[in-house]
Amino acid sequence: MTTSLTWRAPATRGRNGRVSSVWERFTPYIYIAPFFLLFLAFGLGPLLFTGWVSLHDWQLLGDTHRYVGLQNYGEMFNDPRFWKALRNTLAIFILSTVPCMGLALGLASMLNNRTLRAKTFWRMALLVPNVTPLVTVTLVFTSIFGRDYGPVTWILRSLHLPVIDWGASAMTTQIVIAIMVIWRWTGYNTLIYLAAMQAVPSAMYDCAEIDGAGRWTTFTQVTLPMIRPTILFTVVTSTVGGLQIFTEPLLFTSPTGGNNGQGLTVTLLLYGQAFNSFKFGYASAIAIALLFIILVLSLVNFAVARLIRSS
Amino acid sequence: MPVTSKEQPRTAGVGRPVSRAAARSRRRSLDSSRRRRREGTPWFSYVVLTISVLLALIPLYWMFVVGSNDTSAVSRFPPVFLPGGNFLHNLGVVDSIVPFGRSLINSAIVSGAVALLQMFFCSLAGFAFAKLRFRGRRLLFLLVIATMALPSQLGLVPMYLIMSKLSWIDTYWALVVPGAVSAFGVFWMRQVVIGTIPDELIDAAKSDGCSTFRIYRSIVVPNIRGSAAVFGLFVAMTTWNDFLWPLVVLNTPDMFTSQVAIQQLRTQYTIDYSTVMTASVLATLPLLLLFVAAGKQLVAGIMEGAVKG
Amino acid sequence: MKVPKLVRDPGPIQTALDLGISRRQAMSLAITALGGTALAACSPGSASSSHVTLNMWGFADLSKPLVRQYERAHPGVTIQTKISDYDASHQTLLTALASGNGPNIAQIAIDYMGEFVAHAPAFTDLRKFGASSLKSKYLAWRWNGGVAPDGSIVGIPTDVGGMAIAYRTDLFKKAGLPTDPAAVGALWPTWEDYINVGKKYVAATGKKFIDSGKAVFRAESNQGDLKYMNAGGKPIHDTNPRIRKSWHDGVAAIDARLSANVATFTPQWDAAVANGTVATLIVPAWMLAQIEQQAPRTKGKWNIAVLPGKIGNDGGSFLAIPKNAPHAKEAYDFIKWLEAPTQQLALFKENNTFPTIPALYTDPAVTHLTNPFFSNAPVGKIYVESVQGMRPHPIGAKDRIIENQFENGLGRVDQGSQSGASSWTQVMSDVKRELQG
């Protein structure tokens with residue numbers, strides 16, 4: 001790979017040999033500066049604001065914001081809704097992420113086949129769920145799983161099976177939500193994996209072939225290790241996104257997560273506390289707690305990735 | 001192979017590692033060796049892909065069915081399966097309520113700007129986090145991940161405050177500038193750079209006296225082009241379909257993005273599904289066209305990355 | 001400070017006076033304005049300094065034709081409307097208000113009004129534009145919904161629900177029930193009677209009678225002079241006999257298998273209505289439009305009868321002006337015009353939104369109004385009667401949140417996941433938690 005660097009050194013070379021080391025020490029900051037400037041204002045700003053609000057009795061419309069210390073966090077630990085929401089979130093996360101990742105890996109490796117015809121079509125068609133407007137997604141999924149008139153009901157009836165009221169129990173609600181997630185995000189992850197797989201040097205496959213490796217061995221011994229940074233990326237972003245799941249439960253149930261909170265997720269709870277109950281301070285405390293949960297799980301992901309790499 | 005069809009003009013002028021002809025022949029030999037290895041696509045690949053694509057497309061198809069019927073098509077049982085003849089009529093209704101063509105232009109401006117800015121800023125910062133050594137790197141990266149972990153729903157309030165202080169309410173700035181960077185993008189680009197560009201390559205370039213920006217431009221950009229293109233497409237898609245933030249900050253109908261415009265089709269307390277679906281079809285078409293247009297480029301871009309490794 | 005407007009286009013001094021600026025300030029403003037006019041000769045566009053753009057946010061169709069009409073009559077005013085769905089609309093408004101901003105005019109649903117009124121300082125007190133003089137024109141109990149405890153006027157009412165029962169004449173006929181509205185209304189003077197008719201219907205047809213148990217609860221609990229709060233602002237959701245009775249009737253309807261268990265504003269509800277799954281619906285005036293839209297094929301199969309207990313209300317909204325919004329006077333003028341009798345009547349005819357002005361309740365244009373979709377039912381007369389007898393109940397800041405808990409509770413019973421009794425216990429503890437802090 002290094003042999004490829006045969007081009008002439010740029011004109012600036014040597015002109016400021018002494019300064020350059022100082023300069024080089026600061027350039028990294030310049031590269032991340034535009035990002036961080038915007039990031040400070042629109043990423044970190046809201047984060048610090050939320051942290052600040054979480055220490056207050058902060059009514060969304062009132063002018064007075066009473067400092068209450070950690071009281072909101074105390075309330076959260078004693079709030080059965082928080083624990084229920086956390087349980088639901090984790091359940092939906094596992095029900096959706098594992099199949100989604102597996103399917104995406106499988107589809108990506110099918111697409112990563114040079115003899116496949118109409119590549120562009122398959123790739124783009126798999127991405128369609130991501131551009132389908134939410135209003136359509138809601139309508140379609142609530143209709144499909146509708147208790148009285150949905151096609152699923154129709155199939156169950158014609159098979160003389162009992163009709164399921166999908167929205168009634170926690171388990172079925174979470175299954176439907178997980179299906180919505182899988183539907184919307186599998187194509188997306190497939191394309192991410194595919195892009196990474198395509199970047200695997202062909203030489204690696206050639207070596208594997210010379211060694212007489214079969215399709216499965218090649219996949220597990222060459223493809224997976226080579227796209228590990230990307231897998232780590234999708235695992236972390238799925239953890240981050242999955243634990244913040246909001247749209248799907250809102251669409252399939254209600255802003256309160258259904259009559260019995262069967263679809264209540266942590267983000268749905270904090271959203272409701274902020275904009276329905278106007279308890280902005282309490283909602284912020286839940287948001288910060290969720291942030292820490294996500295961070296811990298993400299760090300676990302990184303640690304596991306490091307373990308795998310070193311072993 | 002589509003790879004050989006186009007050379008990117010951007011890299012012209014910089015001496016390429018290997019001559020183009022040599023690279024091409026190398027590619028060809030690799031391709032043929034790969035072809036030899038897999039003597040064809042197993043039929044079950046086609047079956048699985050077909051089923052997946054059908055599942056992916058059904059809601060979109062149904063959107064068109066409802067959009068071309070009247071609203072009651074939504075609740076008819078047994079359901080309506082075929083498009084009706086009402087599409088143009090519904091189109092007229094949409095157009096009479098809201099300047100929809102204009103909203104599509106707004107969406108295009110905003111998503112295009114956001115996608116380009118993110119591709120640039122995020123790949124630059126991702127490269128810095130991946131390959132440059134600097135103090136506080138880990139901590140700053142952790143901060144990036146942390147902001148990703150904050151639910152965006154509560155961020156609306158401080159964001160709106162900032163926008164009003166900047167007098168950016170009801171402007172493109174309010175949509176483009178906060179969207180110009182994303183933790184997600186930096187993370188992704190970092191991982192891509194780690195995965196595709198070996199450290200030795202960077203070190204060699206450095207010892208050759210390359211400035212860091214030159215390394216970014218001549219080594220990083222060409223190598224991550226495929227993933228960056230996919231990323232740009234994703235960003236454009238999400239920005240296009242984003243609706244809560246534009247709904248909060250926009251006031252003037254001529255500034256509305258298409259998702260905000262669709263909201264204007266609500267009638268007293270209810271949704272007229274047929275007009276909403278007609279508008280949704282219109283709002284989705286540009287993205288599908290983008291797919292078709294970007295599709296070939298994407299395939300090419302992804303392949304580029306593949307060959308260079 | 002009230003200076004009558006004599007001329008169409010008031011000069012700068014007049015405008016300044018209208019805006020509540022002192023005379024001396026007005027003079028200096030006038031001088032500046034004159035200088036400005038001289039400068040404006042050089043720069044096109046700045047002549048529009050007297051032009052006012054009002055942003056109006058809402059969740060329902062904000063009567064575009066009337067807006068255009070107003071703009072034609074007032075060339076200096078442009079009104080930009082922005083519609084979002086019900087939840088998003090209140091959320092965007094809250095977001096803007098929480099950062100001290102907002103539109104010039106905000107539509108707020110009655111359900112949210114309790115909370116907004118409790119935070120009256122976030123809004124312009126409309127008394128300063130003389131809104132107190134409008135009070136006598138509006139339904140007293142509805143007007144009071146927009147008044148804060150300190151007497152400041154937060155919002156002007158747009159419409160009220162009014163309540164009635166829409167029923168399917170064809171299905172009633174099959175079940176051997178009368179189909180004439182008067183005879184049907186006579187079947188159910190009370191909610192027990194209504195449920196008993198439902199039992200007969202279900203026994204005769206095996207089909208469902210109502211959409212959900214909570215519809216009964218919602219309608220019945222609004223009929224009293226107390227709901228969740230007493231006059232002193234103390235919560236009485238657990239002791240108010242009317243709440244207990246409404247809950248009991250809701251559960252009874254579910255237990256007698258009358259309910260199809262479909263919630264309003266869902267595709268399931270639309271499908272149930274369109275496919276004749278339910279024989280009756282408890283309908284506020286504005287819901288008629290929803291039925292017409294979602295179930296066009298049922299035209300002529302409906303009729304409308306009086307509600308058990310006759311009186312009722314559900315829904316409706318207010319128009320308010322956020323505290324820091326500029327051009328508050330112009331915004332107020334528009335609101336005043338939009339909610340005047342002529343405009344309210346026009347909206348009723350077009351959108352079925354029922355007026356809040358009692359003077360219209362004797363207007364033949366209202367009393368003689370019939371609706372062809374519902375077999376020419378005299379909707380004007382029916383809704384007038386349901387609204388006129390309404391007894392106001394005090395509305396607290398947390399009423400909407402409490403209502404949510406009750407509705408979720410009946411939803412659980414409807415789904416069969418809880419009995420009426422255990423659901424009631426959970427509602428009580430849920431409400432208690434929501435009332436804390």
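**Strand pairing, buried cores and chain contacts in a predicted three-chain model**

In strand β3 of chain C, C:Ile105 is the bridge partner of C:Met56, a pairing that is described here from a predicted model. C:Met56 has a further bridge partner in strand β2 of chain C, namely C:Thr81. The two strands concerned both pair with β1(C): β2(C), which spans residues 77-83, runs parallel to β1(C) and is joined to it by seven bridges, while β3(C), which spans residues 105-109, pairs with β1(C) in the parallel sense over two bridges. Strand β1(C) itself comprises residues 52-58, and because five of these seven residues are buried, the strand is largely enclosed by the rest of the structure.

Elsewhere in chain C, the backbone of C:Lys310 adopts a positive phi of about 65 degrees, although this residue is not a glycine. C:Lys310 is placed in the loop that connects β8 (302-305) with β9 (317-320) of chain C, and with 17 other C-beta atoms within 10 Å it is partly exposed. A positive phi is also found in chain A, where A:His160, likewise not a glycine, has a value of about 60 degrees. The loop that holds A:His160 lies between α6 (151-158) and α7 of chain A; here the residue counts as exposed, because it has 6 C-beta neighbours inside 10 Å, and the limit for that class is 12 or fewer.

Chain A contains 13 helices and two strands. Its radius of gyration is 25 Å, whereas a value near 19 Å would apply to a compact globule of 311 residues, and along the principal axes its C-alpha atoms fill a box of roughly 70 × 60 × 35 Å. Of the 311 residues in this chain, 50% count as buried. Among the contacts of chain A with a separation of 6 or more, 67% are between residues 24 or more positions apart.

The UniProt record, an unreviewed entry, assigns the annotation "transmembrane region" to residues 28-49, 90-112, 124-146, 166-185, 230-247 and 280-304 of chain A. Two of these spans can be described further from the model. Residues 90-112 of chain A are 96% helix and 0% strand, with their end C-alpha atoms 32 Å apart; for residues 280-304 of chain A, the corresponding figures are 100% helix and 0% strand, with an end-to-end C-alpha separation of 36 Å.

The largest nonpolar core holds 218 residues, of which A:Ile286 and B:Ala125 touch the most other members. The greatest contribution to this core is made by helix α7 of chain A (residues 170-198), which supplies 16 residues. A second core, separate from the largest one, has 81 residues and includes C:Tyr138, C:Phe217, C:Ala274 and C:Ala377. Beyond its neighbours within four places in sequence, A:Ile286 is in contact with A:Met76, A:Phe82, A:Val266, A:Leu269, A:Leu270 and A:Gln273.

Several of these contact partners, including A:Val266, A:Leu269, A:Leu270 and A:Gln273, are also among the buried residues of helix α12 of chain A. This helix spans residues 266-275, and 10 of its 10 residues are buried, so it is largely enclosed by the rest of the structure. The cover over its buried residues draws on more than one chain: it includes α3 (80-111), α11 (247-252) and α13 (280-310) of chain A, α6 (152-165) of chain B and α4 (86-98) of chain C.

The contact between chains A and B takes 92 residues from chain A and 95 residues from chain B. On the side of chain A that touches chain B, helix α1 (residues 17-53) of chain A gives the most, with 19 residues, and the composition by class is 60 nonpolar, 24 polar and eight charged residues. The contact between chains A and C takes 24 residues from chain A and 24 residues from chain C. Here the side of chain A receives most from helix α5 (residues 134-144) of chain A, which provides three residues, and its composition by class is nine nonpolar, 10 polar and five charged residues.

How values were computed: Residues are numbered from 1 along each chain as its sequence is written. Chains are lettered from A and ligands numbered from 1 in the order in which they are written. This is a predicted model: local features need pLDDT of at least 70, side-chain atom pairs count only at pLDDT 80 or more; totals for chains, interfaces and linings use all residues. A residue is buried if 20 or more other C-beta atoms lie within 10 Å of its own, exposed if 12 or fewer, and partly exposed in between; C-beta atoms are placed from the backbone. Helices (H or I, at least four residues) and strands (E, at least two) are DSSP runs, numbered from the N terminus. Two strands pair if DSSP finds at least two bridges between them. A nonpolar core is a set of buried Ala, Val, Leu, Ile, Met, Phe, Trp, Tyr and Cys residues joined through C-beta atoms within 7 Å. Two residues are in contact if their C-beta atoms, placed from the backbone, lie within 7 Å. Ala, Val, Leu, Ile, Met, Phe, Trp, Tyr, Cys and Pro count as nonpolar, Asp, Glu, Lys and Arg as charged, and the others, Gly among them, as polar. The radius of gyration is taken over C-alpha atoms; the globule rule is 2.2 Å times the number of residues to the power 0.38. UniProt positions are given in the numbering used here, feature names are shortened, and annotations may be inferred rather than shown by experiment.
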